[in-house]
Amino acid sequence: VATTTTAAQVETRQPVRLRHRRTASGAFYAFISPWLIGTILLTLFPLGYALRVSLTNWDGISPKFAWVGLQNYRDVLADPTTWASLGRTLLLAVIVVPLTIAGGLGLALMVNQKVRGRSLYRTLIYLPAIVPAVAATLTWKLLFDRDNGAINGLLALVGLPPVDWLAGNIVFVVLIVVMLWGIGGGMIINLAALQDVPTELKEAARLDGAGTSAIFRHVTLPVISPILLFQAITVTIAVLQTFVPALLLSPVSGPAGITAVPQANQVYMISVYAQYFAYSRYGFASAMLWLFFIVILLITFIFFKVSGRAVFYAVDPSQEGRG
Amino acid sequence: MSISTISRRGFLGLAAGAVAATAVGCSASGGQAPGGGKAAGLQVMSQANEITDEVLAQWKSAHPDIPITLIPYDVTRLNAMLAAGTPPDVVRDLGAVATPYLASKGLALDLTDRVAKSTLLAEADLFPINDAWRWDGTTQGAGPRYGIVKDWSQDMMFWYNKDLWEEGGATVPTAEKPLSYDLLLDNAEKLTVRSGGKTTQYGLFGTQPTVEWISAMLATADAKLFSDDLKTADFTSPEGQQALKWFVDVAKARVGYSLVDVNPDGWDWPPFSSGRSASAQAGYWFGGQVSTEPKVADFARLAPAPLMGNTRVSPTIAATGHWISAKSKAQDEAFTFLEWFSAGDPAKERAKTGWGLPATKSLMTELPKTKPYQVDALKTQDSEIQYFKVISFSPYAQTTALNAAISQIFPKAAKGDLSVGQLADEVTAAVNKLLDEGVKRAGG
């Protein structure tokens with residue numbers, strides 16, 4: 001059979017293939033354009049704007065300002081208050097991230113059991129996660145109120161003196177409690193992951209003599225490890241950017257409360273907000289944000305690097321998507 | 001070009017165009033010439049509980065050709081509008097602390113000529129409080145006018161619960177004889193009641209070491225917080241340390257809400273009206289609030305401003321009023337609104353309620369004097385007004401920023417981690433750092 005393609009055939013096939021490719025790429029760009037334009041306008045443009053402001057001594061109002069080069073970055077790096085707030089933020093992440101992931105996984109393992117009324121338990125545990133953060137924080141603030149809070153009421157019942165929960169260092173504990181209150185969100189993700197673990201793998205392990213603990217360690221954990229990595233990254237970023245709960249636990253309501261946030265709760269974003277809107281140091285605050293952006297990028301990069309061996313992918317991510 | 005055949009280069013070109021358009025749009029608005037923006041009507045940034053629907057209806061009836069859009073006061077939004085070069089035409093502010101900043105930045109319109117020609121705001125009829133809105137480039141209280149007061153009070157005065165004070169054996173002040181700050185603290189200790197580890201009644205009002213408050217205290221000792229050129233502040237002077245010590249002593253004694261024992265209600269009225277606090281820090285305007293609860297009217301009395309030194313000075317730290325943007329395209333209409341709201345029918349109505357003293361002397365006759373507390377308060381106020389004085393604040397930083405810096409350091413002293421001398425040193429350094437940044441921004 002002659003397989004030689006004539007010049008005429010080539011001429012007719014090429015425009016068809018080219019048209020098909022153009023149509024496909026057009027559809028691709030059309031579908032991603034809302035996200036791409038949104039990213040350019042709402043992320044890249046503000047980032048660029050903040051970068052520009054970070055190179056000035058602008059106060060947010062004054063028509064006069066000067067270009068100060070990298071001075072704001074040097075000031076941020078030399079500022080002990082900034083380092084202290086970064087330290088508090090990292091401490092918060094070190095405490096909250098493992099507790100959120102481990103707690104969510106533990107709850108998911110429990111409600112994954114075939115027990116009576118498990119749908120009800122799942123709902124009850126998940127419910128706090130859908131309560132708006134503002135409402136949840138204010139509720140906890142009322143519960144921890146020194147004079148009228150239920151927590152001190154319980155302490156009084158057993159003869160203990162009232163504790164000033166919303167002041168001093170102990171308010172950091174209250175912040176942790178508030179942040180862990182939404183742990184049900186992690187439970188739902190872990191539950192979905194657990195239900196995706198192939199039963200045949202667990203059955204095979206059990207036939208080989210593995211116990212519950214061994215099956216969890218050697219079958220369940222590896223299979224759900226990509227989900228755990230996903231949670232580790234997203235929860236870490238969310239905790240590093242903690243702002244609303246810390247602000248709402250301030251004894252003074254509203255934006256003015258920013259300067260009344262107890263020192264123990266002055267996490268990084270609180271410091272940034274204070275620099276912008278309490279001190280009117282827009283250049284300094286923008287430099288803080290840019291440095292924080294770099295820190296978060298670095299942490300994410302480190303997560304991916306160190307998790308390489310610990311995370312099990314059923315499909316090699318480097319090969320995924322290749323036809 | 002149909003969407004199905006758009007090329008990658010074309011798509012990126014479009015996206016870049018969109019970004020460029022946004023950037024150009026922003027810079028265009030930022031570079032708008034003075035007066036750019038709205039063609040008709042006024043944008044007024046103020047509070048809806050002051051410029052009420054009724055006030056707006058009155059305005060609409062009197063000036064149907066000048067529609068008003070009320071923007072709820074929001075400092076973040078104001079900053080954004082200023083940054084974009086499209087500020088509101090009229091803005092509410094605290095003249096006592098904002099004038100140097102607004103005037104020196106060229107943000108507020110010079111109203112001197114307009115006021116000179118005004119009949120509603122006749123110069124001779126204006127209370128000296130309006131001088132708080134004046135700035136001559138180096139001093140507050142003199143030079144061009146940049147705003148007009150809405151209504152005002154001498155804010156270092158305070159209200160006390162006469163029943164609690166008399167029962168507690170506290171020295172009761174008279175209109176002629178103010179208390180010293182030290183005696184005020186002694187009184188507060190007598191009036192504070194504790195039970196089971198909780199404070200059930202505070203003797204003193206809420207306190208916070210702000211530059212306004214400390215400046216007012218220093219004025220009674222013939223001293224100043226800011227240097228003559230307003231470029232630096234000094235809390236380390238003997239008078240500065242005396243003032244700081246008083247705030248530290250109050251916080252340590254826990255005889256009133258402070259930065260280390262913050263009032264959860266945010267202001268003095270709730271604890272004062274409920275009897276949880278025997279005093280409230282406020283001027284004459286608080287009488288309007290008192291009138292809302294008859295039982296409070298029975299015990300509330302106004303006291304003159306306390307003294308730290310021997311000179312009677314009773315300043316204002318607010319002088320709440322409005323300024324007109326230098327970029328307003330409707331400057332005449334904005335001034336018409338300003339004089340109408342500050343000295344016209346709405347001002348007359350406000351004066352009748354007792355929510356502050358009017359901007360003009362002629363409206364003083366409208367102040368309420370039917371209830372005993374109102375008669376007493378007016379008597380105290382009439383005696384106090386002669387001690388009014390404009391205190392100059394710095395144009396190089398907003399007082400909110402300076403106060404934020406102080407409030408970050410003060411708790412350490414209140415907890416005993418810093419001596420008063422160390423507190424004065426640290427606060428002076430922090431405040432001067434912010435002032436220095438402002439001086440550099442101004443090219444000084």
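Here are legends for several close-up views of this predicted model.

**Figure 1. The nonpolar cores.**
Let's start inside the protein, where the largest nonpolar core has 179 residues. B:Trp159 and B:Phe235 are the residues with the most contacts inside this core. Helix α3 of chain A, residues 80–111, supplies the largest share of the core, ten residues. Another core, of 23 residues, lies apart from it, and its members include B:Leu121, B:Ile148, B:Ala330 and B:Phe337. As general background, nonpolar side chains in soluble globular proteins tend to be buried together.

**Figure 2. Where chain A meets chain B.**
This view turns to the contact between the two chains, to which chain A gives 32 residues and chain B gives 40 residues. Together the chains bury about 3300 Å², with 58% of that area on carbon and sulfur atoms. If you would like a few residues to find on the chain A side, try A:Tyr29, A:Ile61 and A:Tyr279, which lose the most area to chain B. These three together account for 20% of what the chain A side buries.

**Figure 3. Polar and charged pairs across the interface.**
Eight residue pairs are in polar contact between chain A and chain B, counting pairs with both residues at pLDDT 80 or more. Two salt bridges are found across this interface. A salt bridge joins A:Arg281 to B:Glu437, with the closest N and O atoms 2.8 Å apart. On the side of chain A that touches chain B, the elements giving two or more residues are α1 (7–54) and α12 (268–278) of chain A. The largest share of that side, eleven residues, comes from α1(A). Sorted by class, the side of chain A that touches chain B holds 16 nonpolar, ten polar and six charged residues.

**Figure 4. B:Ser342 and its surroundings.**
Here we zoom in on B:Ser342, a residue of helix α13 (residues 331–343) of chain B. Is B:Ser342 buried or exposed? Its relative accessible area is 0%, so B:Ser342 counts as buried. Two backbone oxygens are worth finding in this view. The side chain of B:Ser342 reaches the backbone oxygen of B:Leu338 at 2.9 Å, and that of B:Val149 at 3.4 Å. Beyond its neighbours within four places in sequence, B:Ser342 is in contact with B:Leu121, B:Ile148, B:Val149, B:Lys150, B:Ala347, B:Arg350 and B:Ala359. B:Leu121 and B:Ile148 also appear among the residues of the 23-residue core. B:Ala359 is 17 residues from B:Ser342 along the chain, and their C-alpha atoms are separated by 6.5 Å.

**Figure 5. The salt bridge between B:Asp151 and B:Arg350.**
Side chains of opposite charge can pair when their charged atoms come close. Over all chains, a search of the whole structure finds 20 salt bridges. In the one shown here, B:Asp151 pairs with B:Arg350, and the closest N and O atoms are 2.7 Å apart. B:Asp151 lies in strand β7 (residues 151–152) of chain B and B:Arg350 in helix α14 (residues 345–353) of chain B, so the pair ties together parts that are 199 residues apart in sequence. Both B:Asp151 and B:Arg350 are buried.

**Figure 6. Partly exposed salt bridges in chain B, and a network.**
Two further pairs make a friendly companion to the previous view. B:Asp163 forms a salt bridge with B:Lys162, the closest N and O atoms being 3.4 Å apart. B:Asp163 is partly exposed at 32% relative accessibility, and B:Lys162 is partly exposed at 23%. In the other pair, the side chains of B:Glu293 and B:Lys295 meet in a salt bridge at 3.7 Å, N to O. B:Glu293 is partly exposed with a relative accessible area of 26%, while B:Lys295 counts as partly exposed at 48%. Elsewhere, salt bridges that share partners join B:Glu50, B:Arg92, B:Lys150, B:Asp151 and B:Arg350 into one network.

**Figure 7. A:Asn152 in helix α6.**
The last view returns to chain A, where A:Asn152 lies in helix α6 (residues 150–157). With 6% relative accessibility, A:Asn152 counts as buried, because the cut-off for buried is under 20%. Which backbone oxygen lies 2.9 Å from a polar atom of the side chain of A:Asn152? The backbone oxygen of A:Val163 does. Not counting residues up to four places away in sequence, A:Asn152 touches A:Asp145, A:Arg146, A:Pro162, A:Val163 and A:Trp165.

Conventions
Residues are numbered from 1 along each chain as its sequence is written. Chains are lettered from A and ligands numbered from 1 in the order in which they are written. This is a predicted model: local features need pLDDT of at least 70, side-chain atom pairs count only at pLDDT 80 or more; totals for chains, interfaces and linings use all residues. Side-chain values use heavy atoms; hydrogens and water are left out. A nonpolar core is a set of buried Ala, Val, Leu, Ile, Met, Phe, Trp, Tyr and Cys residues joined through side-chain atoms within 4.5 Å. Buried means under 20% relative accessible area, exposed over 50%, partly exposed in between (1.4 Å probe, protein chains only). Helices (H or I, at least four residues) and strands (E, at least two) are DSSP runs, numbered from the N terminus. Contact means heavy atoms within 4.5 Å. Buried area is the accessible area (1.4 Å probe) that two parts lose on being put together, summed over both. A salt bridge is a side-chain nitrogen of Lys or Arg within 4 Å of a carboxyl oxygen of Asp or Glu. A polar contact is a pair of N or O atoms within 3.5 Å; within protein, one must be able to donate a hydrogen and the other to accept it, and residues adjacent in sequence count only if both atoms are side-chain atoms. Ala, Val, Leu, Ile, Met, Phe, Trp, Tyr, Cys and Pro count as nonpolar, Asp, Glu, Lys and Arg as charged, and the others, Gly among them, as polar.
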